Amino acid sequence: MHYEAEAPSLPHNPLKAIVAPRPIGWISAMDRQGRVNLAPYSFFNAVGGDPDMVMFSSSGRKDAMTFAEEGGEFVCSLATFDLREAVNATSAPLPRGESEFGFAGLTPAPSRKVRPPRVAESPAAIECKWLQTVPLVPLDGSAPNNFLVIGQVVSLYVDDRFVRDGRVDTGAMRPILRGGYFDYFTAEPETRFELRRPKGGGG
């Protein structure tokens, strides 16, 4: 079968079920008044190295994006299986400036090089300086509804319990990943395997 949004042949758009599972960026950001926003974004990933960069995409100009622009910084805490209920709670549409940390029963921990706090309960966090927001203009030239927020990584936090032989044990942290519909997945240690690139390979 083929699916096209203009003439849907399924009750739900399958894109998010195909581009899956996706990492979740649990974004904290601070506005000019020092108010903090915390929200999960499943359109999130690393987009560059040397220097390291990450991005998240916002549907509409939501607080995480506008706070990152105002404050010039944001933090991506790792969303894990143990924290799944709190991650979900922070997606609630609270009034601007109301703390998702308090609403979800989470502890803000000071970051090292940026003002927004990380989630203390999370085993890892990525501190970023905001670089730019890219409006994603659709083919028809209409006003964009999606915005790509890009940040440069300035510091990384990892709980010492998950650093083994000089490497971060991703599976042991059990990050949650987003699928389509209401589906989530976890990365587990027993699913890990290694592949060595052919010499000269990139990517």
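This report describes a helix, two nonpolar cores, several strand pairings and one buried loop residue in a predicted model.

## Helix α2 and its surroundings

Helix α2 spans residues 63–71. Its buried residues are D63, A64, M65, T66, F67 and A68. The elements that cover these buried residues include the strands β2 (25–30), β3 (36–41) and β5 (53–59). Also among them are β6 (73–78), β9 (124–136) and β10 (146–158).

After α2 comes G72, which has a positive phi, near 75°.

## Nonpolar cores

The largest nonpolar core has 17 residues. Within this core, the residues that touch the most other members are I27, V54, F56, F74 and C76. At least two residues come from each of β2, β3, β5, α2, β6 and β10. Helix α2 makes the greatest contribution to this core, supplying four residues.

Another core lies apart from this one and has 14 residues. V36, A86, F101 and I176 are among its members.

## Pairing of β6, β9 and β10

Strands of a sheet pair through backbone hydrogen bonds, in either a parallel or an antiparallel sense. Here β6 and β9 are antiparallel, with five bridges between them. One residue of the largest core, C76, has I126 in β9 as its bridge partner.

Strand β9 also pairs with β10, again in the antiparallel sense, and 12 bridges join the two. In this pairing, W130 is opposite G151 of β10.

## The three-stranded sheet

An open sheet is made of three strands in the order β1-β13-β14, with antiparallel pairing. The edges are β1 (22–23) and β14 (184–186); each has a single partner strand, so one side of each has no neighbour in the sheet.

Strand β13 covers residues 176–178 and is joined to β14 by three bridges, the two running antiparallel. R178 is placed opposite Y184 in β14. I176, a residue of β13, is also a member of the 14-residue core.

## T90 in the loop between α3 and α4

T90 lies in the loop between α3 (84–89) and α4 (100–103). Is T90 buried or exposed? T90 counts as buried because its relative accessibility is 1%, and the cut-off for buried is under 20%.

The side chain of T90 reaches the backbone oxygen of V87 at 2.7 Å. Leaving aside neighbours within four places in sequence, T90 is in contact with W26, L38, A39 and P40, and also with E100, A104 and L106.

Definitions and conventions:
Residues numbered from 1 in each chain as written. Predicted model: local features only at pLDDT ≥ 70, side-chain atom pairs only at ≥ 80, totals over all residues. Heavy atoms only, no water. Buried < 20%, exposed > 50% of the residue type's maximum accessible area, 1.4 Å probe, protein only. Contact = heavy atoms within 4.5 Å. Core = buried A, V, L, I, M, F, W, Y, C linked by side-chain atoms within 4.5 Å. Pairing = 2+ DSSP bridges. Polar contact = N/O pair within 3.5 Å; in protein donor to acceptor, adjacent residues only side chain to side chain.
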